[in-house]
Amino acid sequence: MGQVKKATSALSKLFVYGALKYGQPSNSILANTGNGYANFWCRATTTQKLPLVIATRYNIPFLLNKPGVGYYVTGEIYEVDDRMLNSLDNLEDCQDIYTREKQDMNIGVGEGTVPCWVYLLQKYPEKLLSLPYLSGYENSSTHPYIMRHRRTHKHPAQDDLSYTAQN
C-alpha cells in the first residue's frame, strides 16, 4: 500500500540542434537529473531544409520555421521525460521566443524517420534570413554563446528579435 508510485511518464524524442548538443554550452541542462530524464538516442538530420542561424547579441542558434530555405540541419535526438520537456520549455523562453513542435527527423539511410519535438522560431524579423545559414551548430570564439545567467535583464534576447521596421 505505502509504495511510492514511479512516474509512468512515457518518453518523448527531442531533436536538439544548438547549444543543447553534446559538448555544447547548454548540454549540462540535459545532463542534470534535477531537470528530468534525458538520454542520448542517436544523431539525426532534419527531413526538410531549414535555416539555422546564430542571432541576437547573445549568439543564440535558432532554427527558423521556413521550410525549403537553408540546409538539412544535423543534430542529436534525446529520449526525454515530461519533466525534462517542462524544464526546457521554461529555459528555452518557449512562450516568448520558441515554439516546440513535432517534426519528422531522418535517422539514417534505410532507418527511416522518427517524429521528434523540436524548438523552432515561428515569428522572427525578416533580417534573420539574411544571416549565414548553417548545416550544423558548434559554439565558437567568433560567435561565443552567452549562457542565460550571463545575459542582462535590460536586454532580453527577444529585444533583438523585435519586429519593428529596420532602417
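Here are some short exercises on aromatic pairs, charges over rings and salt bridges, each with a worked solution.

The model is predicted, so local features need pLDDT of at least 70, side-chain atom pairs count only at pLDDT 80 or more, and totals for chains, interfaces and linings use all residues. Residues are numbered from 1 along each chain as its sequence is written, and side-chain values use heavy atoms, with hydrogens and water left out.

**Exercise 1. Work out how F40 and Y78 pair, and where each ring sits.**

Start with the rule: rings of Phe, Tyr and Trp (its six-membered ring) pair if their centres lie within 6.5 Å, and planes under 30 degrees apart count as stacked, over 60 as edge-to-face and the rest as tilted. That rule gives 3 aromatic pairs. For F40 and Y78, the centres are 5.7 Å apart with 80 degrees between the planes, which makes the pair edge-to-face.

Next, place the two residues. F40 belongs to strand β2 (residues 38–46) and Y78 to strand β5 (residues 74–80), so this pair links distant parts of the chain, 38 residues apart. Strands here (E, at least two residues) and helices (H or I, at least four) are DSSP runs, numbered from the N terminus.

Last, check exposure: buried means under 20% relative accessible area, exposed over 50%, and partly exposed in between (1.4 Å probe, protein chains only). F40 has a relative accessible area of 40%, so F40 is partly exposed. Y78, at 6%, is buried.

**Exercise 2. Do the same for F62 and Y98, then find the cluster they belong to.**

Here the centres are 5.6 Å apart and the planes 40 degrees apart, so this pair is tilted. Again distant parts of the chain are linked: F62 lies in strand β4 (residues 60–63) and Y98 in strand β6 (residues 98–106), 36 residues apart. F62 is buried at 0% relative accessibility, and Y98 is buried at 7%. Add Y119 and you have one aromatic cluster of F62, Y98 and Y119.

**Exercise 3. Follow K13 to its ring and to its salt-bridge partner.**

First the ring. A charge sits over a ring if NZ of Lys or CZ of Arg is within 6 Å of the ring centre and within 35 degrees of the ring normal. K13 lies over the face of W41, 4.4 Å from the ring centre.

Now the bridge. Side chains of opposite charge can pair when their charged atoms come close. A salt bridge is a side-chain nitrogen of Lys or Arg within 4 Å of a carboxyl oxygen of Asp or Glu, and the structure holds 4 of them. K13 meets E79 in one, at 3.2 Å, N to O. K13 is in strand β1 (residues 12–16) and E79 in strand β5, so the bridge ties together parts 66 residues apart in sequence. Both K13 and E79 are buried.

**Exercise 4. Which acidic residue does R100 bridge to, and which ring does R100 lie over?**

The salt bridge is with D89, at 2.7 Å, N to O. R100 sits in strand β6 and D89 in helix α2 (residues 82–91), 11 residues apart. R100 is partly exposed at 22% relative accessibility, while D89 is buried at 12%. As for the ring, R100 lies over the face of W117, at 4.4 Å from the ring centre.
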